Amino acid sequence: MEESRIVEGRNAVLEAFRSGKTIDRLFVLDGCKDGPIQTILREAKKSKDTVISFVKKERLDQLSETGKHQGVIAYAASYEYAELDDILENARSKGEDPFIIILDNIEDPHNLGAIIRTANQAGAHGVVIPKHRAVGLTATVAKASAGAINYTPVAKVTNISKTMEELKEQGMWFVCADMGGTTMYDLNLTGSIGLVIGNEGHGVSDLVKKNCDMIASIPMYGDIDSLNASVACGVLAYEVVRQRISKSVR
């Protein structure tokens, strides 16, 4: 959790919700039923972005910086999230086939920041991240993105697989990075494409992989068997760029 994002105390947390600030996580004292806490919970449930956790007082004390949390601590996003439609409109406004990078539970903020930076430089129209079990738009992510977070929309969705299905209905194809796939140079990555990058430790989950139309492997000749998630994203993103350029000059 990051210092710049913490909001503590009932009035402060309630005001954060009512002001429209995006709250990534809300920690509430387990078993607390009083009026102000219930009001906060009602506000939190209106937001599709907020993950609510009921915890013991010891956990709140551990998270608190002021010692005056009053049974509630919130962590606000450092940057606002976009909607999926904003990403598609970004492509439409440029007259380009959508190119979206979808992240399946990336947990390292430095990786997320680096991927947003790559997305911006490779001309991707946006990045999609899941609501649960993944890092959000923190100050560390913003710093690692080297400013790209200000230009590349990032949408947070409840279910990655369902989102992919919705995008397929709009004509998108999906390719994920996985060691057991077809060499990326042998795949057609032109047109409306979604590039799926998996978790740092476990890769792309089985359910998400089943929703992919293609599985791409990156040729590797070293002594270890994998690349960092953000590096793998960069390699594949620029293969998409190469194929788009090649198609446009034919």
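A salt bridge here is a side-chain nitrogen of Lys or Arg within 4 Å of a carboxyl oxygen of Asp or Glu. Keep that in mind for the close-ups below, which all come from a predicted model.

**View 1. Glu43 and Arg18 join helix 2 to helix 1.** The side chains of these two residues, Glu43 and Arg18, form a salt bridge with an N to O distance of 3.8 Å, inside the 4 Å limit. Glu43 sits in helix 2 (residues 35-45) and Arg18 in helix 1 (residues 10-18), so the contact ties together parts of the chain 25 residues apart in sequence. Look at how the two partners sit: Glu43 is buried, because its relative accessibility is 15%, whereas Arg18 is exposed, at 51%. Lys46 belongs here too, since a network of salt bridges links Arg18, Glu43 and Lys46. Over the whole structure, the search finds nine salt bridges.

**View 2. Asp24 and Lys156 meet in a salt bridge.** Here the N to O distance between the side chains is 2.6 Å. Asp24 is part of strand 2 (residues 23-29) and Lys156 is part of strand 7, so this pair links distant parts of the chain, 132 residues apart. Are these two residues buried or exposed? Both Asp24 and Lys156 are buried.

**View 3. Glu239 and Arg242 pair up within helix 9.** Their side chains form a salt bridge at 2.6 Å, N to O. The two residues are three apart in helix 9, about one turn of the helix. Glu239 is buried, with a relative accessible area of 3%, while Arg242, at 40%, is partly exposed.

**View 4. Six strands form an open parallel sheet.** Follow the strands across the sheet and you will read the order 7-6-5-9-8-10. Which strands stand at the edges? They are strand 7 (154-157) and strand 10; each has a single partner strand, so one side of each is left without a neighbour in the sheet. From one strand to the next, the twist averages 35 degrees. Within the sheet, strand 8 (residues 173-183) and strand 9 (residues 193-197) pair in the parallel sense over four bridges. For a landmark, find Cys176, whose bridge partner in strand 9 is Val196.

**View 5. Helix 4 and helix 7 pack on the sheet.** Helix 4 (residues 84-93) touches strand 5 (99-103), strand 6 (126-130) and strand 7. The direction of helix 4 makes about 160 degrees with that of strand 6. Helix 7 (residues 160-168) touches strand 5, strand 6, strand 7, strand 8 and strand 9, and the direction of helix 7 makes about 165 degrees with that of strand 5.

**View 6. Ser161 is a buried residue of helix 7.** Its relative accessible area is 6%, and Ser161 counts as buried because the cut-off is under 20%. What does Ser161 touch, leaving aside residues up to four places away in sequence? The contacts are Leu207, Val208 and Asn211.

**View 7. Met179, Met220, Leu227 and Val231 form a nonpolar patch on the surface.** Together, these four residues have about 350 Å² of accessible area. To get your bearings, start from Leu227, in the loop between strand 10 (214-217) and helix 9 (229-249). Leu227 counts as partly exposed because its relative accessibility is 37%.

Key
Residues numbered from 1 in each chain as written. Predicted model: local features only at pLDDT ≥ 70, side-chain atom pairs only at ≥ 80, totals over all residues. Heavy atoms only, no water. Patch = residues over 30% accessible without salt bridge, like charges linked within 9 Å, V, L, I, M, F, W, Y side chains within 5 Å. Areas by Shrake-Rupley, 256 points an atom, 1.4 Å probe, with all protein chains shown as cover. Buried < 20%, exposed > 50% of the residue type's maximum accessible area, 1.4 Å probe, protein only. Pairing = 2+ DSSP bridges. Axes fitted to C-alpha atoms, helices over the stretch in contact; angles between N-to-C directions. Contact = heavy atoms within 4.5 Å.
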